[in-house]
Amino acid sequence: MTRPAVLFVCLGNICRSPMAEGAFRAEAARAGLEVTIDSAGTAAYHVGEPPDPRAQAVARAHGAEIAHLRGRQLVADDFIRFSHVLVMDHANLADARAIVPPGAPTRPMLLLDLVAGREGAAVADPYYGGEEHFEDTWDDVSRAARALVAELTR
C-alpha cells in the first residue's frame, strides 16, 4: 500500500485545520501509522503565522503540540500530493473543489463525513468564540482523527 498523505483544510489555517492536524498526528502516532500530514487554508490571510493561541492551548491540553505549525494556502498541487484532502466546512469545500486540477487523483471531502452520524456536517469555526468553542472544535476533529486512523488501518 502507498503511504497515505492527509491534508486538513479550513479558511485561514490557524484554528480548525491545525487542530485537526494535531489530533490526527497524535492518533496516527498511537496507532503506529506511517502517514504524511499537513494542513492549509483556502485563503492567504495567515500564511506563515502560527496557530491561534487558543487553538494551541486546547490542542496542548489534549496532548497535541501545534505551536510549530505555520499557515499556508491550499494549492492545486495538493490534490496530486495528498491522498486525502479533508475540509472543515461547505464554503471551503466549494473553494477547494474550484482549484482541483484536471486529472488529479484526489477530491476534497468534508472531514466530518468520516464520523458516523455527522456526515455532511461542518466543523464550526471557533475563531470568534470563546475557549469553549475551541473545545467543541477539538471534540469534532479528534473524533474524525480516530475515524480516519481506523479507516487507514483496516
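## Strand 1 and its neighbours

In this predicted model, Val 9 stands opposite Ala 40 in strand 2. That pair is a good place to start a tour of strand 1. Between the two strands, the chain leaves strand 1, passes through helix 1 (residues 16-31) and arrives at strand 2, making a right-handed β-α-β crossover.

Strand 1 pairs with strand 2 and also with strand 3. The table sets out both pairings.

| Pairing | Residues of the partner | Bridges | Direction |
|---|---|---|---|
| Strand 1 with strand 2 | residues 36-41 | six bridges | parallel |
| Strand 1 with strand 3 | residues 84-87 | four bridges | parallel |

A few individual partners help you find your way. Ala 5 faces Thr 36 of strand 2, while Val 6 has His 84 in strand 3 as its bridge partner.

Now for the surroundings: is strand 1 buried or exposed? Six of the six residues in strand 1 (residues 5-10) are buried, so the strand is largely enclosed by the rest of the structure. Buried here means under 20% relative accessible area. The cover reaches both faces of the strand: Ala 5, Leu 7 and Val 9 are buried on one side, and Val 6, Phe 8 and Cys 10 are buried on the other.

Definitions and conventions: Residues numbered from 1 in each chain as written. Predicted model: local features only at pLDDT ≥ 70, side-chain atom pairs only at ≥ 80, totals over all residues. Heavy atoms only, no water. Buried < 20%, exposed > 50% of the residue type's maximum accessible area, 1.4 Å probe, protein only. Pairing = 2+ DSSP bridges. Right-handed = clockwise from strand over helix to strand, strands pointing away.
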